[in-house]
Amino acid sequence: MQEVDRWQQWRDLERHWQEMAPRHMRDLFGQDPERFPRYTLEAAGLFLDYSKNRITDHTLELLLALAERADLAGWTERMFRGEAINNTEQRAVLHTALRNRSNTPVLVDGKDVMPQVNAVLAQMERFTTAVRTGAWTGFSGRPIRDVVNIGIGGSNLGPLMVTRALGHYQSDSMRLHFVSNVDPTHLAETLKPLDPETTLFIVSSKTFTTQETLSNAHAARAWCLEVLREEAAVARHFVAVSTNAEAVRAFGIDPANMFVFWDWVGGRYSLWSAIGLPIALAVGMERFLELLDGAHAMDRHFREAPPARNMPVLLGLLGIWYHNFAGVRTHAVLPYDQYLQHLPAYLQQADMESNGKRVTRDGGAVSWTTGPVVWGAPGTDGQHAFYQLIHQGTQLITSDFIAAVNSHNELGDQQQKLLSNFLAQTEALMKGRTPEEARLAMEGEGLAAARIEALLPHKVFPGNRPSNSILMERLTPATLGALIALYEHKIFVQGVIWQINSFDQWGVELGKELAGVILEELVDRQCQRPHDASTGGLIDLCRRWRG
């Protein structure tokens with residue numbers, strides 16, 4: 001495999017950035033009155049405006065040529081067909097099969113996986129209906145009022161993000177809680193206001209051995225039994241999302257209430273599976289299926305639309321353009337919708353765990369930039385926190401602005417104010433403010449000439465800061481599903497071009513292994529193992545301070 005940075009297409013883009021770097025988007029808009037309609041796109045209920053980027057038609061031609069050279073179309077088909085594109089773990093990558101609402105066969109090792117997928121969806125529907133209607137009760141016969149999801153990583157962030165994002169569709173009769181951190185404070189503070197008799201726990205761990213998850217699960221089990229007393233109560237207050245029936249049974253959970261998923265479902269891509277059980281409990285199975293419908297619509301668009309009019313392809317290529325040729329190292333996700341408050345953290349895991357890689361699929365060292373740092377916060381809070389750096393800082397940062405045009409909670413003119421901030425920020429980032437404009441504005445305020453000259457350098461904004469705007473008419477299960485799938489496929493596009501495996505996460509493993517070693521030393525003071533001076537000293541300090 002020839003390294004991507006040796007391709008002619010890559011070198012063409014390097015030269016092209018040198019041509020584009022000094023050009024200002026003000027001029028690009030001024031020279032082209034058709035720029036907005038040409039660089040906008042609708043798909044699966046989402047509207048993308050990517051006109052506020054330092055691009056021309058030629059830029060896109062070069063980027064699309066790079067995608068073609070990387071065989072993006074071929075890799076896309078291999079993923080959808082169920083080939084083992086996760087080569088280090090020899091697994092298929094089929095989160096798309098989980099939301100395959102057309103139900104067309106998807107083969108893994110010659111076997112159609114759709115009957116299994118549909119069986120788990122049917123099991124989820126039966127269970128969630130029983131809990132939501134009160135047919136499923138706790139051990140003492142009282143209906144469930146609180147559901148606590150115990151998981152970590154993809155078993156936590158996906159369900160948490162979606163459940164909060166679909167808050168409008170939930171009733172007050174059931175409250176959803178999420179515990180992930182092994183820090184005992186997380187579980188203790190979550191349980192304080194809850195009643196064991198009316199609380200249901202979902203323990204999400206594929207192997208049922210994840211240290212953080214199982215530690216919290218056993219603590220929650222003890223909390224329940226302190227009130228309910230009888231071991232038989234566990235089966236009425238705990239269910240599992242796992243594949244380890246033996247360990248689930250040993251915990252006290254009825255294997256009939258174990259919801260399975262498969263090794264071709266990566267954790268950070270798993271909310272569409274039984275990992276999404278808390279979502280279905282929160283909003284009902286009908287809404288959960290609408291979430292899948294929206295994602296499937298984006299899947300079809302990604303698979304079928306030509307690259308030049310393909311939303312995930314374009315977003316992925318724009319990221320390549322900035323990260324690899326403009327030296328951009330961070331990307332901000334800025335949702336102007338409080339329901340989407342957890343979306344930046346969710347995408348942080350999805351992107352950085354997928355594409356934070358330093359070797360190619362073949363194991364060779366990469367000599368080009370891969371995954372950027374992904375971060376963000378809801379607007380308008382971010383405007384009063386970190387936008388200063390995006391506008392006037394010394395590093396170039398790319399941004400995605402996301403908003404629903406209509407709110408589920410219209411209060412006076414607040415939604416218009418929110419949208420005005422959304423629109424103004426993208427315009428300000430693109431246009432900036434010239435010295436002449438800044439001077440004229442201060443003169444209009446009546447400032448003295450000396451004061452104007454002193455303030456002028458501080459009032460100038462360079463602009464030319466790239467952003468994408470993603471709009472939907474309203475945040476619904478379907479549009480949320482499409483939005484998440486859009487980013488999943490964007491990540492895939494970039495991984496293909498960077499020649500990396502976006503679907504393993506070996507970098508997570510070393511810390512886990514060492515934590516197990518150090519845990520033994522913290523528990524057993526006679527246990528001593530060699531460490532560097534810093535780690536050894538910190539272990540000794542923790543031992544002393546714990547008495």
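How many Å separate the centres of domain 1 and domain 3, taken over C-alpha atoms? The figure is 42 Å. I'll come back to the domains in a moment.

First, the basis. This is a predicted model, in which local features need pLDDT of at least 70 and side-chain atom pairs count only at pLDDT 80 or more, while totals for chains, interfaces and linings use all residues. Residues are numbered from 1 along each chain as its sequence is written, and side-chain values use heavy atoms, with hydrogens and water left out.

The protein is divided into domain 1 (4–70 + 305–418 + 465–504), domain 2 (96–289) and domain 3 (509–546). Those bounds come from an automatic or database domain assignment.

Now the sheets. Helices (H or I, at least four residues) and strands (E, at least two) are DSSP runs, numbered from the N terminus. Two strands pair if DSSP finds at least two bridges between them.

One open sheet has five strands in the order 6-5-7-8-9, with parallel pairing. Its edge strands, each pairing on one side only, are strand 6 (175–179) and strand 9 (258–259). Strand 5, residues 146–150, runs parallel to strand 6 and is joined to it by five bridges. Val148 has His177 in strand 6 as its bridge partner. Helix 8 (residues 154–165) packs on this sheet and touches strand 5, strand 6 and strand 7 (199–204), where contact means heavy atoms within 4.5 Å. The direction of helix 8 makes about 150° with that of strand 6; axes are lines fitted to C-alpha atoms, for helices over the stretch in contact, and angles run from 0 to 180 degrees between N-to-C directions.

The other sheet I want to show is also open: six strands, order 1-2-13-12-10-11, mixed pairing. Strand 1 (40–43) and strand 11 (373–375) are its edge strands, each pairing on one side only. From one strand to the next, the twist averages 15°. Strand 10 (residues 330–335) pairs with strand 12 (residues 398–406) in the parallel sense, over five bridges, and Val333 has Asp400 in strand 12 as its bridge partner. Helix 16 packs on this sheet, touching strand 10, strand 11 and strand 12, and its direction makes about 165° with that of strand 11.

Strand 1 and strand 2 (residues 46–49) are antiparallel, with four bridges. Leu41 stands opposite Leu48 in strand 2. The hairpin of these strands has two residues between them, and Ala44 takes a positive phi near 55° there.

Next, one residue. Is Val131, in helix 7 (residues 114–133), buried or exposed? Val131 is buried, because its relative accessible area is 2%; buried means under 20%, exposed over 50%, partly exposed in between, with a 1.4 Å probe and protein chains only. Leaving aside neighbours within four places in sequence, Val131 is in contact with Trp136, Ile144, Met174, Leu200 and Leu281.

Last, the largest pocket, which holds about 1,000 Å³ of space. Of the 40 residues that line it, Thr210, Gly267, Gln505, Glu509 and Lys512 are the closest to its centre. A pocket is, on a 1 Å grid over the protein atoms alone, an open set of points where a 1.4 Å probe fits, with protein on both sides within 12 Å along at least five of seven lines; lining residues have an atom within 4 Å of a point. Helix 22 (509–523) is one of the helices that supply at least two residues of the lining. With four residues, helix 22 gives the most.

Terms used
Grid points are joined across faces, edges and corners, and a volume is the space filled by probe spheres set on the points.
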